[in-house]
Amino acid sequence: MTDAQLAIVVLAAGQGTRMKSSTPKLLHKLGGVSVVSHVLATARELNAAHVVSVVRHERDRLVEVIEVDLPESIIVDQDEVPGTGRAVELAIAALPAGFAGDVLVVNGDVPLLDAETLQGLINQHRDAQAAATVLSTILDDATGYGRVIRSADGNLEKLVEHKDANQDELAIKEINAGIYVFSAPELRAQLSNLTLDNAQGEKYITDVIGLLRQAGATVAAVEILDSWKVEGINDRAQLSRAAGLLNGLIVRGWQLAGVTITDPASTWIDIQVQLAPDVEIKPGTQLLGATVVETGAVIGPDTTLLDTEVGEGAVIKRTDATLSVIGAGASVGPFSYLRPGTYLEASGKIGTFVETKNARIGKGSKVPHLSYVGDATIGEESNIGAGTIFANYDGVTKSHTTVGSHVRTGSHNTFVAPISIGDGAYSGAGAVIRKDVPAGALAINVAPQRNMDGWVQANRPGTAAAKAADEAK
């Protein structure tokens, strides 16, 4: 149910220069989705009446993501006036003029903060009837963070940015997590009083706290014990740490849901992946994107699946698969490479050192060894011999090969597309198939073998081979 008294402001205007990347900081991936997508998902869970996203740097790329993840969000562009205070000022101006509820301000680079924690902050803010409530936490090393300054009675007195703090204030370990809840009318009244008179030359949203306190309003700070939830991402080291924390939560969640994960430390699972009970995941496995694995399947070791569907009871080992579908009871690997468009139906097999692309392999059919199957359809219960190549590209055009059901092809065949091999047909070892093969036919094109007696002694005299040949007579 929509909370008619709640508006959320997502601060997403920062440049993120410390990432040293052509990709905007908020669009770096974490658990398979962008950093800002995590924040937007949390905002969506809170069911606010209004969400405002403030953007600036790389705004078009950010807006594209925001409009997909949270299409109801109002987009506001930050102007040339710097600072979080200015961003909030512009966001408040975009809300309905009569909105008198609470405004939750969150940062787009704090992806691990969950809706439950934020709802608790909102509830405490409302219970205290505060004009502003700040989320804080204790850090052993508070370098770089704004400090929470409390009065002698323990109440919040003010917030001080790190660069503006004196030595006594820098010794404080309680930091401002950058998450706030404000009463909208009282916030509006103070935003116009913000100045650029500070070390950064910015309008600080933190200054609103001091202004509210000077006006006699109630302000509060609520400490969160799980400090990792409010860790921001400013560089790639912090991105990596956040990824590890998130992955640990995801892995543990699936373990508690009935999935066997042999080695959590070497297993990575994206947030959108879906796993059924009794799936087994072995070490060195990555399940990425929108991968879905059904019950009883065994994945790994050393396997990466991206946007891939795996049926019940399938076994996949040492395999890389992307945009593929693997049927129930099928077997894949080791050392298989499934490229987009691979469909392996129930009880089928893609074996050792096999590469497939845009290939549909029918029920019970097998491609066991050392083969490439591209742009092909294989019927049911067929067997493709070892070392077979589906030659699908002539340098200009890609063409399709169709293999029927119950076909048996020889080792080291080459199928030069476009061709069709009928049901029940066979082919001889080493055959190069350039023409269609009728159902039930045997296709061969190997010349009769010719043995030239005495060739080694005549052409390689004095060699070990010649000596061995002489001794064998």
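Buried means under 20% relative accessible area, exposed means over 50%, and partly exposed covers what lies in between. The exercises below apply these cut-offs to a predicted model.

**Exercise 1. Classify the two partners of the salt bridge between Arg 59 and Asp 60 as buried, partly exposed or exposed.**

Step 1. The side chains of Arg 59 and Asp 60 meet in a salt bridge, with N and O at 2.9 Å.

Step 2. Arg 59 has a relative accessibility of 28%, so this residue counts as partly exposed.

Step 3. Asp 60 has a relative accessible area of 53%, and because exposed means over 50%, Asp 60 is exposed.

**Exercise 2. Find which parts of the chain the salt bridge between Asp 114 and Lys 229 ties together, and classify both residues.**

Step 1. In the salt bridge of Asp 114 with Lys 229, the closest N and O atoms are 3.2 Å apart.

Step 2. Asp 114 lies in the loop between E6 and helix H4 (115–127), whereas Lys 229 lies in the loop between strand E11 (219–223) and helix H8 (236–256), so the pair ties together parts that are 115 residues apart in sequence.

Step 3. Asp 114, with a relative accessible area of 22%, is partly exposed, while Lys 229, at 14%, is buried.

**Exercise 3. Do the same for the salt bridge between Glu 174 and Arg 150, and then name the residues that salt bridges with shared partners join into one network.**

Step 1. The side chains of Glu 174 and Arg 150 meet in a salt bridge at 2.8 Å, taken from N to O.

Step 2. Glu 174 belongs to strand E10 (residues 174–183) and Arg 150 to strand E8 (residues 147–150), so this pair ties together parts that are 24 residues apart in sequence.

Step 3. Glu 174 is buried, its relative accessible area being 9%, whereas Arg 150 is partly exposed at 30%.

Step 4. Asp 79, Arg 86, Glu 89 and Lys 203 are joined into one network by salt bridges that share partners. A search of the whole structure finds 19 salt bridges.

**Exercise 4. Decide whether helix H3 is mostly covered or mostly open, and name elements that cover its buried residues.**

Step 1. Helix H3 spans residues 84–94, and eight of its eleven residues are buried, which leaves the helix mostly covered.

Step 2. The buried residues of H3 are Gly 85, Arg 86, Ala 87, Val 88, Glu 89, Leu 90, Ala 91 and Ile 92.

Step 3. The cover over these buried residues includes strand E1 (3–12), strand E4 (48–55), strand E5 (74–77), strand E6 (102–107) and helix H6 (184–191).

**Exercise 5. Describe the surroundings of Ile 138.**

Step 1. Ile 138 lies in strand E7 (residues 132–138), and with a relative accessible area of 40% this residue is partly exposed.

Step 2. When neighbours within four places in sequence are left aside, Ile 138 is in contact with Lys 173, Glu 174, Glu 223 and Ser 227.

Step 3. Ile 138 and Asn 176 are 38 residues apart in sequence, and their C-alpha atoms are 9.1 Å apart in space.

**Exercise 6. Trace the open sheet of seven strands, and place His 369 in it.**

Step 1. The order of the strands is E12-E15-E18-E21-E24-E27-E29, with parallel pairing. The edge strands are E12 (260–261) and E29, each of which pairs on one side only.

Step 2. Within the sheet, E21 (residues 315–316) and E24 run parallel and are joined by two bridges, and the bridge partner of Val 315 in E24 is Ser 331.

Step 3. His 369 lies in strand E29 (residues 366–369), and at 38% relative accessibility it counts as partly exposed. An unreviewed UniProt entry places the feature "active site" at His 369.

Step 4. Apart from neighbours within four places in sequence, His 369 is in contact with Thr 352, Phe 353, Val 354, Gly 385, Ala 386 and Gly 387.

**Exercise 7. Identify the nonpolar surface patch that contains Phe 335, and locate this residue.**

Step 1. Phe 335, Phe 353 and Leu 370 form the patch, and together they have about 330 Å² of accessible area.

Step 2. Phe 335 lies in the loop between strand E24 (331–332) and strand E25 (336–338), and with a relative accessible area of 44% this residue is partly exposed.

Notes: Residues are numbered from 1 along each chain as its sequence is written. This is a predicted model: local features need pLDDT of at least 70, side-chain atom pairs count only at pLDDT 80 or more; totals for chains, interfaces and linings use all residues. Side-chain values use heavy atoms; hydrogens and water are left out. Patches are made of residues with over 30% relative accessible area and no salt bridge: like charges are joined within 9 Å, nonpolar side chains (Val, Leu, Ile, Met, Phe, Trp, Tyr) within 5 Å. Accessible areas come from the Shrake-Rupley method with a 1.4 Å probe; for residues, only the protein chains shown count as cover. A salt bridge is a side-chain nitrogen of Lys or Arg within 4 Å of a carboxyl oxygen of Asp or Glu. Helices (H or I, at least four residues) and strands (E, at least two) are DSSP runs, numbered from the N terminus. Buried means under 20% relative accessible area, exposed over 50%, partly exposed in between (1.4 Å probe, protein chains only). UniProt positions are given in the numbering used here, feature names are shortened, and annotations may be inferred rather than shown by experiment. Contact means heavy atoms within 4.5 Å. Two strands pair if DSSP finds at least two bridges between them.
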